[in-house]
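Q: I'd love a close look at one part of this fold, followed outward into whatever surrounds it. Please take it step by step and show me how the pieces fit together.

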Amino acid sequence: MDKRVVKEGDPQRNDCIQEQLQRLLPMMKNGIESLGIASIDPIPFDGLPFEYKAGQTQLTFTLKKGRCTGFGDTQIKKVRSQITDDEWKFHIDVLVPRVYIEAKYRGHGIINAMSLGSKGDFNVTATGLSGTMKIRAKKENIDGEDYIRVNHIELVPKVKTLRTYIEGLVPDPELNRIALEFVNEYIAQNRNDLLRETKRFFDPLLTPVANSITLRIPARNLLL
């Protein structure tokens with residue numbers, strides 16, 4: 001792959017990183033078999049938590065045997081970086097046109113005195129997801145070559161729309177449909193508050209994906 005090479009002290013470093021990430025994403029979407037890099041779209045996951053408490057609303061559940069589709073179409077809008085011997089920090093502004101998450105769920109919740117949930121199928125569709133990925137990483141030498149090990153990724157997104165389907169909120173299917181409309185109305189009114197709690201979800205979802213790439217491609221070829 002032809003690429004622009006930049007040194008750590010280059011004043012155009014952030015523009016170079018943005019360019020490299022945007023060039024890599026289409027290849028990451030389908031994976032790179034020769035490097036042993038699996039596809040990043042969809043991203044499989046199992047056992048990711050979500051918890052939200054505010055006023056008369058309490059939601060606690062775990063998503064199992066799921067997958068997240070859409071991050072392969074991520075657009076890199078801006079990059080800020082700080083690189084020292086101790087830590088590499090990246091703030092990356094992203095836009096993802098559409099994210100779809102499907103899984104099995106187990107949990108419970110209360111919204112305005114309505115008791116909800118047990119277990120079943122779950123999905124959520126978000127459009128226009130945007131935010132800043134705050135990445136904390138460290139250079140790691142493996143067999144004489146420098147790689148990047150990502151320790152944490154924090155993402156607190158905003159979205160244009162957010163809609164969910166949850167099976168088994170209540171036992172009766174027709175009542176479940178009514179309860180689901182109520183839940184989606186609540187989500188529409190409070191989506192940004194709810195999304196602030198998703199950082200516990202996105203860190204364990206995205207950090208292993210990042211390391212599956214950065215620990216296989218040397219730092220000198222990946223970013224710098």
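A: Happy to! One cut-off first: a residue is buried under 20% relative accessible area, exposed over 50%, and partly exposed in between. Asp143, at 80% relative accessibility, therefore counts as exposed. Keep in mind throughout that this is a predicted model.

Asp143 sits in the loop between E7 and strand E8 (145-154). Its phi is positive, about 55°, although Asp143 is not a glycine. Lys65 in strand E3 offers a second case: its phi is near 50°, again a positive value in a residue other than glycine. Lys65 has 72% relative accessibility, so it too counts as exposed.

Now to the helices, the part I would look at closely. Helix H1 covers residues 13-30, and its 18 residues reach 27 Å from first C-alpha to last, close to the 26 Å expected. There is a bend of about 30° at Leu24, with a proline, Pro26, following within four residues. Leu24 is itself one of the buried residues of H1, along with Arg13, Cys16, Ile17, Gln20, Leu25 and Met28. An α-helix has 3.6 residues a turn, so residues three or four places apart point the same way. The buried residues of H1 pack against strand E4 (75-83), E5, helix H3 (199-214) and helix H4 (219-222).

Gln22 also belongs to H1, but its relative accessible area is 32%, so Gln22 is partly exposed. Beyond its neighbours within four places in sequence, Gln22 contacts Thr74, Gln75 and Ile76. Gln22 and Gln75 are 53 residues apart in sequence, yet 6.9 Å apart from C-alpha to C-alpha. A polar atom of the Gln22 side chain lies 2.6 Å from the backbone nitrogen of Ile76. Past the end of the helix, Gly31 follows with a positive phi near 85°. In the loop between H1 and strand E1 (43-45) you will find Pro42, joined to Asp41 by a cis peptide bond with omega about 10°.

From H1, let's move to its packing partner H3. This helix has 16 residues and reaches 21 Å between its first and last C-alpha, close to the 22 Å expected. Its buried residues are Phe201, Phe202, Leu205, Leu206, Thr207, Val209, Ala210, Asn211, Ile213 and Thr214. Two of these lead into the core: Leu205 and Leu206 are among the residues that touch the most other members of the largest nonpolar core, a group of 63 residues, together with Phe45, Leu63, Phe71 and Met133. Strand E5 (residues 88-111) gives the most to this core, 10 residues. Not counting residues up to four places away in sequence, Leu206 touches Ile43, Phe71, Met133, Ile153 and Leu155. In soluble globular proteins, nonpolar side chains tend to be buried together.

Asn211 in H3 is a polar case worth pausing on. Why does Asn211 count as buried? Its relative accessibility is 13%, and the cut-off for buried is under 20%. Setting aside neighbours within four places in sequence, Asn211 is in contact with Ile148, Arg149 and Val150. The Asn211 side chain reaches the backbone nitrogen of Val150 at 2.7 Å.

Helix H2 (residues 173-195) makes a good contrast. A straight helix of its 23 residues would span 33 Å, but H2 spans only 28 Å between its end C-alpha atoms. H2 bends by about 70° at Gln189. At its start, a side-chain oxygen of Asp172 comes within 3.0 Å of the backbone nitrogen of Glu174. Buried residues of H2 include Asn176, Leu180, Val183, Tyr186, Ile187 and Leu194, and the buried set packs against E2, E3, E5, strand E6 (114-116) and E9.

Those strand partners deserve a quick visit. E2 (residues 48-54) and E3 (residues 57-69) run antiparallel and are joined by seven bridges. Pro49 stands opposite Thr62 in E3, and in the hairpin, with its two residues between the strands, Gly55 has a positive phi near 60°. Strand E9 (residues 161-166) alternates: Leu162, Thr164 and Ile166 point to one face and are buried, whereas Thr161, Arg163 and Tyr165 point to the other and are not. E9 runs antiparallel to strand E7 (residues 119-142), joined to E7 by six bridges, with Val124 standing opposite Thr164.

Methods
Residues numbered from 1 in each chain as written. Heavy atoms only, no water. Core = buried A, V, L, I, M, F, W, Y, C linked by side-chain atoms within 4.5 Å. Buried < 20%, exposed > 50% of the residue type's maximum accessible area, 1.4 Å probe, protein only. Contact = heavy atoms within 4.5 Å. Pairing = 2+ DSSP bridges. Expected span 1.5 Å × (residues − 1). Bend = angle between axes of the 7 residues up to and from the residue. Polar contact = N/O pair within 3.5 Å; in protein donor to acceptor, adjacent residues only side chain to side chain.
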